[in-house]
Amino acid sequence: MVMDIQFEQVGYTYQPDTPFAFCALKDINLTIKEGSYTAIVGHTGSGKSTLLQHLNALIKPTAGVVKIGDRLITTDTPNKNLKEVRKEVGIVFQFPEAQLFEETIEKDVAFGPKNFGVEGEELKKVVRDSLQMVGLDDSYLERSPFELSGGQMRRVAIAGVLAMKPSVLVLDEPTAGLDPRGRKEMMGMFYDLHKEQGITIVLVTHLMDDVANFADYVIVLEKGQVIKQGLPKQVFTDTQWLTTQQLGVPAATTFAQQLMARGFQFDTIPLTTKELAQEIAKILRKSGEQV
Amino acid sequence: MMDKMIFGRYIPGDSVIHKLDPRVKLLASFYFIGIIFLCNNWQSYTLMFLFTLLALSLSKIKPSFIINGLKPLFWLILFTVVLQILFTRGGEVYFKWGILSVTELGLMNGIFIFCRFVLIILISTLLTLTTPPLSLSDAIEYLLRPLEVVKFPAHEVSLMLSIALRFVPTLMDETEKIMNAQRARGVDFGEGNIMDKMKSIVPLLIPLFVSSFNRAEDLATAMEARGYKGGEGRTKYRVLKWQSRDTLTALVFVVLTVILVYVRN
Ligand SMILES: Nc1ncnc2c1ncn2[C@@H]1O[C@H](COP(=O)(O)OP(=O)(O)O)[C@@H](O)[C@H]1O
Ligand SMILES: [Mg+2]
């Protein structure tokens, strides 16, 4: 099954027909291609989390259509038979540690796959593998998730979603509140999954460096609308626009800009530290030849 | 589902009703509910309905909204009314089947019970729609204060009430979040047989308990850190002030009572 996810004129209103009605998404058109690594950025309250919940039909659009693979989700789609969609699209929510509930870590991680019919040895294996991926060894299996530190709980919760073996992995600010090392490990692990197993990733983040390092497509949300989308190169080229939107610019790009202010000339504006180093090396080599 | 629940929510506004002293509103609502039971003919119920409609229109809240608020309670009302009609006997018999019968008295009682229900719901909805929960609990604290003479912890009760009210929306949000997280892990809430339904509640309730306990602890720490040590000597940020419109309201209720006593048989 092709797992492209497509939004066509999607709108979503919370509590419609009451004085509390709030239009959180308006006329959203976008496509998340199978095998892509899409980043969604935007300020707090811009509707990112609301948009994510459409990706596996947790909420249904109040206007427009969401196509998940070959399933069409509209306002009138019944709540039945959505399990398949939920299995294919796994969501790691903001602060997922709140979803832990079992006595042992093993049982909690097994909860998702068990609901989707995985059993026996296969279940055991998938639990171990998932815990391994988030950096927790077998000694954790029998421990209670509630005696862990916040960061470790986060890892267990993420393992719980990985264990469902989704083909699309949706991450809502997965590293918020983690220490720098944990953040790096997590982001690296997601990227490996993407590269090695071809998993589609949708990442919500405030860190432009993560966008520059990992994403191949960026969607910028503001007040419930898509105000820009495209390749990271395209979105980040207009640094002035990014600054006026107060979205921030990757560290390497800022660095390059400061160099440009002092007379450096870049062929392409670098987004990551690696690209920056290459560009600088190129320039230095050139000037070396001239001398 | 929870979105539709209007009963018990506050809608900000600046109508006369919004501006009334919460103590007056609270007492008046209780008083009104009390005198509803004095009604015993259609004239008295009409009077009460007219009064309620007047109060509702003064509050400037959209009528459709109040009607929507009544809907969730429809089945409860219907059930009570039907029971009343079927099991009260007296007067002319219209219909009989085994122990069930529809009689003149039963029908009348049914209609009256229905009116009482609607009146009580309307007036308490009006109270909560126009009064911020915190003002309500201030009012309750004030009204319970005389009981402190007999060592009744009025301040603590009111604090508990405010905290509880304050965290209702938080808890609702949290419930929705955790439900979504577990649905994403393949739980179908409200599907399958009773056993399945009970089982699907566990992954919801445990995280809710855990986070509630954590939050309670954090809140207690935060309060102590800011020097909270009970009600004694504590001043108020929102000071309740009796105004002429409050006196007027009290007068209106006196008049209402007089008319009511006059029209009932
Ligand atoms: N359950 C809800 N009911 C009403 N409004 C909501 C609800 N959830 C979110 N919102 C509102 O929708 C807007 C978008 O929220 P959200 O999608 O969480 O934004 P983000 O994840 O980008 O911070 C916010 O203004 C928020 O207040
Ligand atoms: Mg969010």
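This is a short tour of a predicted model with two chains to look at, A and B.

**Stop 1: the interface**

Start by showing both chains and selecting the residues of each that touch the other. You should have 26 residues of chain A in contact with 22 residues of chain B. Between them, the two chains bury about 2200 Å², with 60% of that area on carbon and sulfur atoms. Which residues of chain A lose the most area to chain B? Select Phe20(A), Gln99(A) and Phe101(A): together they account for 24% of what the chain A side buries.

Stay at the interface and look for charged partners. The rule finds 1 salt bridge across it. To see a salt bridge, show the side chains of Asp108(A) and Arg185(B), whose closest N and O atoms are 3.2 Å apart.

**Stop 2: a helix pair in chain B**

Now hide chain A and select residues 22-36 of chain B, which form helix α2, along with residues 42-59, which form helix α3. The axes of these helices come within 11 Å and cross at roughly 160 degrees. An angle over 145 degrees counts as roughly antiparallel, so that is how α2(B) and α3(B) lie to each other. Their crossing is left-handed.

Next, turn on side chains where the two helices meet. From α2(B), pick Phe32(B), Ile35(B) and Ile36(B); their partners in α3(B) are Tyr45(B), Met48(B), Phe51(B) and Thr52(B). Sorted by class, this contact has 6 nonpolar residues, 1 polar residue and no charged ones.

**Stop 3: a helix pair in chain A**

Bring chain A back and select helix α5 (residues 150-162) and helix α6 (residues 180-197). Here the axes come within 13 Å, and the crossing angle is roughly 5 degrees. Angles under 35 degrees count as roughly parallel, and α5(A) and α6(A) are therefore roughly parallel to each other.

Which residues of α5(A) meet α6(A)? They are Arg155(A), Ile158(A) and Leu162(A). On the α6(A) side, select Gly182(A), Glu185(A), Met186(A), Met189(A), Phe190(A) and Leu193(A). This contact divides into 6 nonpolar, 1 polar and 2 charged residues.

**Stop 4: two backbone spots in chain A**

Finish with the backbone. Most residues other than glycine have a negative phi. Click on Asp27(A), which sits in strand β2 (residues 22-32) of chain A: its phi is positive, near 45 degrees. Then move to Phe95(A), in the loop between β6 (89-92) and α3 (105-115) of chain A. Phe95(A) is not a glycine either, yet its phi is positive, at about 50 degrees.

Notes: Residues are numbered from 1 along each chain as its sequence is written. Chains are lettered from A and ligands numbered from 1 in the order in which they are written. This is a predicted model: local features need pLDDT of at least 70, side-chain atom pairs count only at pLDDT 80 or more; totals for chains, interfaces and linings use all residues. Side-chain values use heavy atoms; hydrogens and water are left out. Axes are lines fitted to C-alpha atoms, for helices over the stretch in contact, and angles run from 0 to 180 degrees between N-to-C directions. Helices (H or I, at least four residues) and strands (E, at least two) are DSSP runs, numbered from the N terminus. Angles under 35 degrees count as roughly parallel, over 145 as roughly antiparallel, 65 to 115 as roughly perpendicular and the rest as oblique. A crossing is left-handed if the near helix is turned anticlockwise from the far one by less than a right angle, and right-handed if clockwise. Contact means heavy atoms within 4.5 Å. Ala, Val, Leu, Ile, Met, Phe, Trp, Tyr, Cys and Pro count as nonpolar, Asp, Glu, Lys and Arg as charged, and the others, Gly among them, as polar. Buried area is the accessible area (1.4 Å probe) that two parts lose on being put together, summed over both. A salt bridge is a side-chain nitrogen of Lys or Arg within 4 Å of a carboxyl oxygen of Asp or Glu.
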